Amino acid sequence: MCAPPARVHQAYTAEEDAWLWERRHEPAAEVAAALGRGEKSVVARLARLRLPSTSGHARLFHARGGQREGAGAEEEPSKGAPLRPARDCLQRIAHDPSLRSSDFSVGYRDRFRPAALEAPFDAPNEAVRGGERSLVFALPEHRIEFIKYRRRVVWHKGSRTDLVFGSTGQCRIQEVVATYAEWEEDRAAALRRARARASRALSRSLGGKPAGREALAAFGRRVGRVNAGELTAAALAEEALSPAYFGADGDGGGGEPSAGEEKAPVAAVLELVSTLPDERAALREELEAELRGRIASSAARESLRAAREATVSAKQALEGRPPRPSAP
(Lines give C-alpha, C1' and ligand atoms only; values in the text may rest on other atoms or scores of the structure.)
Protein backbone atom coordinates (compact mmCIF):
# COMPACT_ATOMS: atom_id res chain seq x y z
CA MET A 1 0.00 0.00 0.00
CA CYS A 2 1.31 3.47 -0.88
CA ALA A 3 2.15 5.76 2.02
CA PRO A 4 0.07 8.94 2.26
CA PRO A 5 1.69 12.28 1.36
CA ALA A 6 3.95 13.60 4.14
CA ARG A 7 1.95 16.79 4.78
CA VAL A 8 -1.57 15.52 4.22
CA HIS A 9 -4.22 17.33 6.32
CA GLN A 10 -1.73 20.04 7.36
CA ALA A 11 -2.57 23.70 6.78
CA TYR A 12 -0.75 25.55 4.00
CA THR A 13 1.76 28.11 5.24
CA ALA A 14 2.30 31.53 3.64
CA GLU A 15 5.63 30.31 2.25
CA GLU A 16 4.01 27.24 0.68
CA ASP A 17 1.29 29.39 -0.89
CA ALA A 18 3.89 31.71 -2.43
CA TRP A 19 5.97 28.77 -3.71
CA LEU A 20 2.87 27.05 -5.09
CA TRP A 21 1.68 30.21 -6.85
CA GLU A 22 5.05 30.66 -8.59
CA ARG A 23 4.72 27.13 -10.00
CA ARG A 24 1.01 27.20 -10.80
CA HIS A 25 1.61 26.40 -14.50
CA GLU A 26 3.72 23.31 -13.76
CA PRO A 27 2.19 19.81 -13.65
CA ALA A 28 0.17 19.42 -10.47
CA ALA A 29 1.58 15.96 -9.76
CA GLU A 30 5.18 17.25 -9.74
CA VAL A 31 4.34 20.25 -7.57
CA ALA A 32 2.40 18.02 -5.14
CA ALA A 33 5.34 15.61 -4.83
CA ALA A 34 7.74 18.49 -4.09
CA LEU A 35 5.42 19.85 -1.39
CA GLY A 36 4.73 16.44 0.12
CA ARG A 37 1.00 16.82 -0.56
CA GLY A 38 -1.64 15.12 -2.67
CA GLU A 39 -2.32 16.25 -6.22
CA LYS A 40 -5.97 16.91 -5.41
CA SER A 41 -4.93 19.08 -2.47
CA VAL A 42 -2.64 21.19 -4.67
CA VAL A 43 -5.34 21.69 -7.32
CA ALA A 44 -7.89 22.67 -4.67
CA ARG A 45 -5.45 25.06 -2.99
CA LEU A 46 -4.70 26.85 -6.26
CA ALA A 47 -8.43 27.22 -6.84
CA ARG A 48 -8.74 28.83 -3.38
CA LEU A 49 -5.82 31.18 -4.02
CA ARG A 50 -7.52 32.40 -7.21
CA LEU A 51 -10.73 33.23 -5.33
CA PRO A 52 -10.60 36.83 -4.02
CA SER A 53 -13.06 36.06 -1.21
CA THR A 54 -10.64 33.69 0.59
CA SER A 55 -8.13 34.62 3.25
CA GLY A 56 -5.44 32.69 1.35
CA HIS A 57 -5.80 35.06 -1.60
CA ALA A 58 -5.70 38.10 0.69
CA ARG A 59 -2.64 36.78 2.54
CA LEU A 60 -0.78 35.99 -0.67
CA PHE A 61 -1.47 39.23 -2.53
CA HIS A 62 -2.52 41.86 -0.01
CA ALA A 63 -1.09 40.93 3.39
CA ARG A 64 -1.34 43.76 5.89
CA GLY A 65 0.43 44.19 9.19
CA GLY A 66 2.23 40.86 9.17
CA GLN A 67 0.90 37.34 9.48
CA ARG A 68 -2.00 36.85 11.87
CA GLU A 69 -2.14 34.02 14.36
CA GLY A 70 -3.48 30.91 12.65
CA ALA A 71 -3.08 32.42 9.19
CA GLY A 72 -1.80 29.12 7.81
CA ALA A 73 -5.24 27.57 8.05
CA GLU A 74 -8.09 27.90 5.60
CA GLU A 75 -10.35 30.69 6.82
CA GLU A 76 -13.67 32.08 5.79
CA PRO A 77 -13.95 35.69 4.60
CA SER A 78 -14.05 38.17 7.45
CA LYS A 79 -17.52 38.56 8.90
CA GLY A 80 -16.70 41.79 10.77
CA ALA A 81 -16.27 44.32 7.97
CA PRO A 82 -19.54 45.35 6.31
CA LEU A 83 -19.81 44.82 2.57
CA ARG A 84 -19.99 48.09 0.64
CA PRO A 85 -23.45 48.39 -0.96
CA ALA A 86 -23.81 47.65 -4.66
CA ARG A 87 -25.20 51.14 -5.24
CA ASP A 88 -21.92 52.72 -4.03
CA CYS A 89 -19.98 50.54 -6.46
CA LEU A 90 -22.26 51.53 -9.36
CA GLN A 91 -21.79 55.22 -8.52
CA ARG A 92 -18.02 54.75 -8.39
CA ILE A 93 -17.96 53.08 -11.81
CA ALA A 94 -20.19 55.74 -13.32
CA HIS A 95 -18.23 58.74 -12.02
CA ASP A 96 -14.59 57.62 -11.69
CA PRO A 97 -12.79 59.08 -14.74
CA SER A 98 -10.11 56.36 -14.54
CA LEU A 99 -12.71 53.65 -15.24
CA ARG A 100 -14.60 52.86 -18.43
CA SER A 101 -18.18 51.90 -17.72
CA SER A 102 -18.24 49.82 -20.90
CA ASP A 103 -15.80 47.39 -19.21
CA PHE A 104 -18.37 46.51 -16.55
CA SER A 105 -21.52 44.42 -16.38
CA VAL A 106 -24.09 43.74 -13.66
CA GLY A 107 -25.75 40.46 -12.68
CA TYR A 108 -29.23 40.66 -11.20
CA ARG A 109 -32.17 38.50 -10.24
CA ASP A 110 -35.38 38.38 -12.21
CA ARG A 111 -38.50 37.33 -10.32
CA PHE A 112 -39.48 34.84 -13.03
CA ARG A 113 -36.09 33.21 -13.71
CA PRO A 114 -34.01 31.05 -11.35
CA ALA A 115 -30.64 32.04 -12.85
CA ALA A 116 -29.19 35.54 -12.60
CA LEU A 117 -29.32 37.71 -15.70
CA GLU A 118 -26.36 39.83 -16.80
CA ALA A 119 -26.52 43.23 -18.50
CA PRO A 120 -23.87 45.69 -19.73
CA PHE A 121 -23.35 48.57 -17.34
CA ASP A 122 -24.55 51.06 -19.97
CA ALA A 123 -27.68 49.08 -20.94
CA PRO A 124 -30.80 51.23 -21.33
CA ASN A 125 -33.75 50.62 -19.02
CA GLU A 126 -36.45 48.76 -20.92
CA ALA A 127 -37.71 46.51 -18.13
CA VAL A 128 -38.10 48.44 -14.86
CA ARG A 129 -40.90 50.92 -14.40
CA GLY A 130 -40.04 54.54 -13.67
CA GLY A 131 -38.17 57.41 -15.23
CA GLU A 132 -34.62 56.07 -14.78
CA ARG A 133 -33.02 55.58 -18.19
CA SER A 134 -30.19 53.31 -16.99
CA LEU A 135 -31.11 49.70 -16.28
CA VAL A 136 -28.47 49.14 -13.57
CA PHE A 137 -29.60 52.23 -11.64
CA ALA A 138 -33.28 51.38 -12.12
CA LEU A 139 -32.84 47.92 -10.56
CA PRO A 140 -33.83 47.60 -6.90
CA GLU A 141 -30.59 47.10 -5.00
CA HIS A 142 -31.67 43.82 -3.40
CA ARG A 143 -31.90 42.25 -6.88
CA ILE A 144 -28.24 42.97 -7.74
CA GLU A 145 -26.12 39.83 -7.28
CA PHE A 146 -22.72 40.70 -8.74
CA ILE A 147 -20.70 43.25 -10.70
CA LYS A 148 -17.98 42.25 -13.18
CA TYR A 149 -14.99 43.98 -14.69
CA ARG A 150 -14.79 42.22 -18.05
CA ARG A 151 -14.73 38.55 -16.98
CA ARG A 152 -13.70 39.11 -13.36
CA VAL A 153 -16.22 39.47 -10.54
CA VAL A 154 -15.39 42.61 -8.54
CA TRP A 155 -18.45 42.66 -6.29
CA HIS A 156 -20.52 39.68 -5.19
CA LYS A 157 -23.23 39.76 -2.57
CA GLY A 158 -23.23 36.03 -1.78
CA SER A 159 -19.47 35.63 -1.25
CA ARG A 160 -19.03 39.15 0.24
CA THR A 161 -16.49 40.07 -2.40
CA ASP A 162 -15.65 43.75 -2.88
CA LEU A 163 -12.79 44.50 -5.24
CA VAL A 164 -14.12 47.99 -5.99
CA PHE A 165 -13.54 49.66 -2.61
CA GLY A 166 -11.86 46.74 -0.82
CA SER A 167 -14.33 47.04 2.04
CA THR A 168 -13.91 43.40 3.14
CA GLY A 169 -10.10 43.45 3.21
CA GLN A 170 -9.44 42.62 -0.44
CA CYS A 171 -7.78 44.58 -3.23
CA ARG A 172 -9.33 47.61 -4.94
CA ILE A 173 -10.46 48.29 -8.46
CA GLN A 174 -7.22 50.00 -9.55
CA GLU A 175 -5.27 46.81 -8.85
CA VAL A 176 -7.91 44.71 -10.59
CA VAL A 177 -7.54 46.81 -13.73
CA ALA A 178 -3.72 46.83 -13.55
CA THR A 179 -3.42 43.05 -13.08
CA TYR A 180 -6.32 41.94 -15.24
CA ALA A 181 -4.19 40.49 -18.05
CA GLU A 182 -2.31 38.23 -15.62
CA TRP A 183 -5.56 37.20 -13.93
CA GLU A 184 -7.14 36.33 -17.28
CA GLU A 185 -4.08 34.32 -18.29
CA ASP A 186 -4.17 32.34 -15.04
CA ARG A 187 -7.92 31.75 -15.35
CA ALA A 188 -7.60 30.53 -18.94
CA ALA A 189 -4.69 28.24 -18.05
CA ALA A 190 -6.63 26.69 -15.15
CA LEU A 191 -9.64 26.13 -17.38
CA ARG A 192 -7.56 24.53 -20.15
CA ARG A 193 -5.84 22.28 -17.64
CA ALA A 194 -9.10 21.18 -16.03
CA ARG A 195 -10.77 20.49 -19.37
CA ALA A 196 -7.77 18.56 -20.68
CA ARG A 197 -7.64 16.40 -17.56
CA ALA A 198 -11.37 15.75 -17.68
CA SER A 199 -11.19 14.93 -21.37
CA ARG A 200 -8.37 12.43 -20.78
CA ALA A 201 -10.28 10.78 -17.96
CA LEU A 202 -13.44 10.47 -20.04
CA SER A 203 -11.55 9.29 -23.13
CA ARG A 204 -9.86 6.48 -21.24
CA SER A 205 -13.06 5.52 -19.45
CA LEU A 206 -15.37 5.62 -22.45
CA GLY A 207 -13.15 4.21 -25.15
CA GLY A 208 -11.51 7.00 -27.12
CA LYS A 209 -11.07 10.74 -27.60
CA PRO A 210 -14.28 11.34 -29.62
CA ALA A 211 -16.39 9.76 -26.89
CA GLY A 212 -14.50 11.71 -24.24
CA ARG A 213 -14.96 15.05 -26.01
CA GLU A 214 -18.65 14.35 -26.57
CA ALA A 215 -19.17 13.39 -22.91
CA LEU A 216 -17.32 16.52 -21.74
CA ALA A 217 -19.50 18.74 -23.92
CA ALA A 218 -22.63 16.97 -22.66
CA PHE A 219 -21.50 17.45 -19.06
CA GLY A 220 -21.04 21.18 -19.70
CA ARG A 221 -24.59 21.38 -21.01
CA ARG A 222 -25.84 19.60 -17.89
CA VAL A 223 -24.09 22.17 -15.70
CA GLY A 224 -25.88 24.87 -17.69
CA ARG A 225 -29.20 23.20 -16.96
CA VAL A 226 -28.44 23.22 -13.23
CA ASN A 227 -27.63 26.92 -13.43
CA ALA A 228 -30.94 27.52 -15.24
CA GLY A 229 -32.87 25.63 -12.56
CA GLU A 230 -33.85 22.81 -14.90
CA LEU A 231 -31.81 20.16 -13.06
CA THR A 232 -30.78 19.79 -9.42
CA ALA A 233 -27.18 19.73 -8.26
CA ALA A 234 -27.85 16.39 -6.57
CA ALA A 235 -29.04 14.86 -9.85
CA LEU A 236 -26.00 16.15 -11.73
CA ALA A 237 -23.60 14.85 -9.07
CA GLU A 238 -25.20 11.41 -9.33
CA GLU A 239 -24.84 11.50 -13.14
CA ALA A 240 -21.24 12.76 -12.93
CA LEU A 241 -20.18 9.76 -10.82
CA SER A 242 -22.06 7.26 -13.00
CA PRO A 243 -20.39 5.12 -15.71
CA ALA A 244 -21.73 7.57 -18.32
CA TYR A 245 -19.23 10.18 -17.09
CA PHE A 246 -16.56 10.03 -14.39
CA GLY A 247 -17.69 6.89 -12.57
CA ALA A 248 -16.36 4.45 -15.18
CA ASP A 249 -13.01 2.73 -14.70
CA GLY A 250 -10.03 4.65 -16.04
CA ASP A 251 -7.08 6.50 -14.58
CA GLY A 252 -7.45 9.79 -16.47
CA GLY A 253 -3.71 9.97 -16.98
CA GLY A 254 -3.00 10.10 -13.27
CA GLY A 255 -2.22 6.47 -12.49
CA GLU A 256 -3.18 4.84 -9.20
CA PRO A 257 -4.05 7.35 -6.47
CA SER A 258 -2.09 7.57 -3.23
CA ALA A 259 -3.75 6.59 0.01
CA GLY A 260 -6.33 9.17 0.99
CA GLU A 261 -6.64 10.53 -2.55
CA GLU A 262 -9.64 10.27 -4.87
CA LYS A 263 -9.23 8.31 -8.08
CA ALA A 264 -8.10 10.43 -11.01
CA PRO A 265 -11.50 10.62 -12.81
CA VAL A 266 -13.12 11.81 -9.59
CA ALA A 267 -10.35 14.37 -9.01
CA ALA A 268 -10.85 15.50 -12.62
CA VAL A 269 -14.53 16.28 -12.16
CA LEU A 270 -13.82 18.12 -8.90
CA GLU A 271 -11.17 20.22 -10.63
CA LEU A 272 -13.56 20.90 -13.51
CA VAL A 273 -16.29 22.09 -11.14
CA SER A 274 -13.77 24.31 -9.31
CA THR A 275 -13.28 26.32 -12.53
CA LEU A 276 -16.89 27.52 -12.62
CA PRO A 277 -16.75 31.34 -12.63
CA ASP A 278 -17.08 33.36 -9.44
CA GLU A 279 -20.52 34.67 -10.40
CA ARG A 280 -21.63 31.03 -10.04
CA ALA A 281 -19.94 30.59 -6.66
CA ALA A 282 -23.08 29.23 -5.00
CA LEU A 283 -23.58 26.66 -7.77
CA ARG A 284 -19.91 25.69 -7.61
CA GLU A 285 -20.02 25.14 -3.86
CA GLU A 286 -23.28 23.20 -4.07
CA LEU A 287 -21.94 20.88 -6.77
CA GLU A 288 -18.68 20.32 -4.88
CA ALA A 289 -20.60 19.46 -1.71
CA GLU A 290 -22.88 17.02 -3.55
CA LEU A 291 -19.94 15.33 -5.27
CA ARG A 292 -17.87 15.02 -2.11
CA GLY A 293 -20.84 13.66 -0.19
CA ARG A 294 -21.38 10.92 -2.75
CA ILE A 295 -17.65 10.18 -2.94
CA ALA A 296 -17.51 9.77 0.85
CA SER A 297 -20.59 7.51 0.86
CA SER A 298 -19.15 5.36 -1.92
CA ALA A 299 -15.81 5.05 -0.12
CA ALA A 300 -17.56 4.06 3.09
CA ARG A 301 -19.56 1.36 1.29
CA GLU A 302 -16.38 0.03 -0.37
CA SER A 303 -14.56 -0.09 2.97
CA LEU A 304 -17.45 -1.96 4.55
CA ARG A 305 -17.54 -4.47 1.69
CA ALA A 306 -13.79 -5.05 1.94
CA ALA A 307 -14.03 -5.53 5.72
CA ARG A 308 -16.81 -8.08 5.30
CA GLU A 309 -14.83 -10.01 2.70
CA ALA A 310 -11.77 -10.00 4.95
CA THR A 311 -13.84 -11.33 7.85
CA VAL A 312 -15.31 -14.10 5.69
CA SER A 313 -11.86 -15.05 4.32
CA ALA A 314 -10.37 -15.16 7.82
CA LYS A 315 -13.22 -17.37 9.06
CA GLN A 316 -12.81 -19.73 6.10
CA ALA A 317 -9.06 -19.93 6.68
CA LEU A 318 -9.64 -20.92 10.31
CA GLU A 319 -12.08 -23.61 9.16
CA GLY A 320 -9.61 -24.91 6.59
CA ARG A 321 -11.68 -23.91 3.56
CA PRO A 322 -10.25 -22.03 0.54
CA PRO A 323 -11.20 -18.33 0.56
CA ARG A 324 -14.00 -17.22 -1.72
CA PRO A 325 -12.83 -15.12 -4.74
CA SER A 326 -13.36 -11.39 -4.31
CA ALA A 327 -16.02 -9.66 -6.37
CA PRO A 328 -14.59 -7.85 -9.40
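Tutor: Rings of Phe, Tyr and Trp count as a pair if their centres lie within 6.5 Å. By that rule the structure, a predicted model, holds six aromatic pairs.

Student: Let me start with Phe 121 and Phe 137. Why is their pair called edge-to-face?

Tutor: The planes of Phe 121 and Phe 137 stand at 85°, and an angle over 60 degrees counts as edge-to-face. Their centres are 6.1 Å apart, which is within the 6.5 Å needed for a pair.

Student: And where in the chain do the two rings come from?

Tutor: Phe 121 belongs to the loop between β2 and α6, while Phe 137 is in helix α6. They are 16 residues apart, and the pair links distant parts of the chain.

Student: What makes Phe 121 buried or exposed?

Tutor: Its relative accessible area decides. Phe 121 has 4%, and buried means under 20%, so Phe 121 is buried.

Student: Why does Phe 137 get another label?

Tutor: Phe 137 has a relative accessible area of 21%. Since partly exposed covers the range between 20% and 50%, Phe 137 is partly exposed.

Student: How do you know which kind of pair Tyr 149 and Tyr 180 form?

Tutor: Take the angle again: the planes of Tyr 149 and Tyr 180 are at 85°, so the pair is edge-to-face. The centres of these rings lie 5.4 Å apart, within the 6.5 Å limit. This pair also links distant parts of the chain, with Tyr 149 in strand β3 and Tyr 180 in helix α8, 31 residues apart. Both Tyr 149 and Tyr 180 are buried. Together with Phe 104 and Trp 183, Tyr 149 and Tyr 180 form one aromatic cluster.

Student: Which ring does the charged end of Arg 37 sit over?

Tutor: That of Tyr 12, with the charged end 3.8 Å from the ring centre. In the case of Arg 84, the charged end sits over the ring of Phe 165, 3.9 Å from its centre. Each distance passes one part of the test, which asks for a charge within 6 Å of the ring centre.

Student: Now the helices. Why are α1 and α2 called roughly antiparallel?

Tutor: Helix α1 (residues 14–22) and helix α2 (residues 28–35) pack at an angle of about 155°. Angles over 145 degrees count as roughly antiparallel, so that is the label for α1 and α2. Their axes are 11 Å apart, and α1 passes α2 in a right-handed crossing. At the contact, Glu 16, Trp 19 and Leu 20 in α1 meet Val 31, Ala 34 and Leu 35 in α2.

Student: What makes α8 and α9 oblique to each other?

Tutor: Their angle is about 125°. That is above the roughly perpendicular range of 65 to 115 degrees and is not over 145, so it falls among the rest, which count as oblique. Therefore α8 and α9 are oblique to each other. The axes of α8 and α9 are 7 Å apart, and the crossing is right-handed. Residues that meet here include Leu 202 and Leu 206 from α8, and Ala 215 and Leu 216 from α9.

Student: One last residue: how do you know whether Thr 232 is buried or exposed?

Tutor: Thr 232 falls in between. Its relative accessible area is 48%, and exposed would need over 50%, so Thr 232 is partly exposed. Thr 232 lies in the loop between α9 and α10, and its C-alpha atom is 9.8 Å from that of Glu 286, 54 residues away along the chain.

Note on methods
Residues numbered from 1 in each chain as written. Predicted model: local features only at pLDDT ≥ 70, side-chain atom pairs only at ≥ 80, totals over all residues. Heavy atoms only, no water. Phe/Tyr/Trp six-rings, centres within 6.5 Å; stacked < 30°, edge-to-face > 60°. Helix = DSSP H or I, 4+ residues; strand = E, 2+ residues; numbered from the N terminus. Buried < 20%, exposed > 50% of the residue type's maximum accessible area, 1.4 Å probe, protein only. Lys NZ or Arg CZ within 6 Å of the ring centre and 35° of its normal. Axes fitted to C-alpha atoms, helices over the stretch in contact; angles between N-to-C directions. Parallel < 35°, antiparallel > 145°, perpendicular 65-115°, else oblique. Left-handed = near helix turned anticlockwise from the far one by under 90°. Contact = heavy atoms within 4.5 Å.
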